[in-house]
Amino acid sequence: MIHTYTLNGHRMVVDVNSGSVCELDEISHALLRFAGEDMSANLPEQAKTAFHSYGQEALQEAWAELFALKEDGRLFSPDIYGSYQNAGDLAPVKSMCLNVAHDCNLRCSYCFASTGDFGGGRKLMPFSVGKKAIDFLLEHAGNRRNLELDFFGGEPMMNFEVVKAVVAYGREEEKKVDKHIRFTTTTNALLLDDEKIDFINREMHNVVLSIDGRQSVHDRMRKRADGSGSYQTILANIKRLVEKRGHRGYYVRGTFTRENLDFSKDVLALVDEGFKEVSVEPVILPEDHPLALRQEDLPRIFEEYDRLAKEIIQRTQEGRGFNFFHFMIDMEHGPCAIKLLRGCGCGNEYVAVTPEGNLYPCHQFVGDPAFVMGNVNDGQFDQEMKTRFSKANIFTKKGCADCWAKFYCSGGCNANNSAYAGDILTPLQISCALERKRVECALMIKAALAD
């Protein structure tokens, strides 16, 4: 399976199964329409006729180069991944999202978590549950040594004392079983002060800092509980944290909705504030929600991704580049085969824990009683549901096996698939379209910067 496209003057071909990506000249790109998996060394007569204007010598040379790529396994390569689709079933749990706060000091218009309480009332996790969560993670980690735990909410800094206590407990317990937990946190930054900033920069392997780009967009979407804007306070706090963080990992993360389809301006607004690691992601909401993205918005969104890709190329060439999360593809040291097939491992390698200790496949399933997997307080863990999620991969999800971008998205988000397409195995089509476009941009950027 191959995918060809032209973007920003670059003629690209992706060989899906091998992961090979090539930039082609005009003749080779044109000839690929005649090439197939049964491609032979001889130039087809139809191609000689259709492209006679290029000259027979040039056609023969281009065809020979394409055939050499095929023989080398970089075009029309066979699918070797089918044998891996059951690998990783019932894998150890290596990652956990700890919802330490089902409460928030913001009232974001697009919040998937019902403005922080996940529809179940505002509450904070007691340390006793956080302690049990660490015990659960270490107990179910099997032979995995490196583990991950993300403090989430709501707003986790509303429960800062428990965050500190859980980290301290985790550091003690990991030593006893020769494991290492990489702690991370996601925060809206409104409560950050020097104590919290220093703690995050000392203890957190990565930190995600929520801000929506331009002040006009941010303050319209991310209001405080009293209805006032939050931009100026949040921006100042994030800048202080990033400045003190040095080279350790972070992202400033925003969301774009139907009200700011010109979101490339929000990305660049964050970059111009000095941030080099930026993610502005599409909102996922019910179709009838006024902020929801719709199929008719796709051409405009695609234009924004194109505009952003060109800006990245220009700024990088000028020595002032930045990373945009959805354009980051590691073509040399990418994910292992199991990761390519399954993505995040939701419900299998990854679980979420609520303030009461309930287990869910991930934080986006929290609040849906159909997806309760157990509770850390009594050790219950639904192995049947874990098995179900372990089988969710690009070979079991509808349409994924025939999609050229399958190894870049791994079948999409299980939670979004379930909430908006009705089944974890039914990909949300608007998300599929956005992912394919982002991958095209990302690969074109690689080609442009290689030039």
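Here are a few friendly notes on a predicted model of a protein chain, going from the whole chain to some of its helices.

1. **The chain as a whole.** The protein chain has 15 helices and 16 strands. Its radius of gyration is 24 Å, close to the 22 Å that the globule rule gives for 451 residues, so the chain is as compact as a globular protein of that length. If you would like a feel for its extent, the C-alpha trace spans about 75 × 45 × 45 Å along its principal axes.

2. **Burial and contacts.** Of the 451 residues in the protein chain, 53% count as buried. Looking at contacts with a separation of 6 or more, 70% of them come from residues 24 or more positions apart.

3. **Helix H9, an enclosed element.** Helix H9 covers residues 264-272, and 7 of its 9 residues are buried, so the rest of the structure largely encloses it. The buried residues are Ser264, Asp266, Val267, Leu268, Ala269, Leu270 and Val271. What do they pack against? Their partners are helix H7 (215-221), helix H10, and the strands E10 (251-256), E11 (277-282) and E12 (323-324). Just after H9, have a look at Gly274, which takes a positive phi of about 110°.

4. **Helices H10 and H15.** H10, one of the partners of H9, also packs with H15. H10 spans residues 298-317 and H15 spans residues 429-450; their axes lie 10 Å apart at an angle of about 25°. With the cut-off for roughly parallel set at angles under 35 degrees, H10 and H15 are therefore roughly parallel to each other. Their crossing is right-handed. On the H10 side, the contact includes Leu298, Ile301, Phe302, Tyr305 and Asp306; on the H15 side, residues such as Ile430, Ala433, Leu434, Lys437 and Arg438 are among those taking part. By class, this contact has 15 nonpolar, 2 polar and 3 charged residues.

5. **Helices H5 and H6.** The second pair to look at is H5 (residues 160-176) and H6 (residues 194-203), whose axes come within 12 Å and cross at roughly 25°. That makes H5 roughly parallel to H6. The crossing of H5 and H6 is left-handed. Phe160, Val163, Lys164, Val167 and Arg171 of H5 make the contact with Glu195, Lys196, Phe199 and Glu203 of H6. Sorted by class, the contact has 4 nonpolar, no polar and 5 charged residues.

6. **Handedness, side by side.** When you compare the two pairs on screen, keep in mind that H10 and H15 cross in a right-handed way, whereas H5 passes H6 in a left-handed crossing.

Methods. Residues are numbered from 1 along each chain as its sequence is written. This is a predicted model: local features need pLDDT of at least 70, side-chain atom pairs count only at pLDDT 80 or more; totals for chains, interfaces and linings use all residues. Side-chain values use heavy atoms; hydrogens and water are left out. Axes are lines fitted to C-alpha atoms, for helices over the stretch in contact, and angles run from 0 to 180 degrees between N-to-C directions. Helices (H or I, at least four residues) and strands (E, at least two) are DSSP runs, numbered from the N terminus. Angles under 35 degrees count as roughly parallel, over 145 as roughly antiparallel, 65 to 115 as roughly perpendicular and the rest as oblique. A crossing is left-handed if the near helix is turned anticlockwise from the far one by less than a right angle, and right-handed if clockwise. Contact means heavy atoms within 4.5 Å. Ala, Val, Leu, Ile, Met, Phe, Trp, Tyr, Cys and Pro count as nonpolar, Asp, Glu, Lys and Arg as charged, and the others, Gly among them, as polar. Buried means under 20% relative accessible area, exposed over 50%, partly exposed in between (1.4 Å probe, protein chains only). The radius of gyration is taken over C-alpha atoms; the globule rule is 2.2 Å times the number of residues to the power 0.38.
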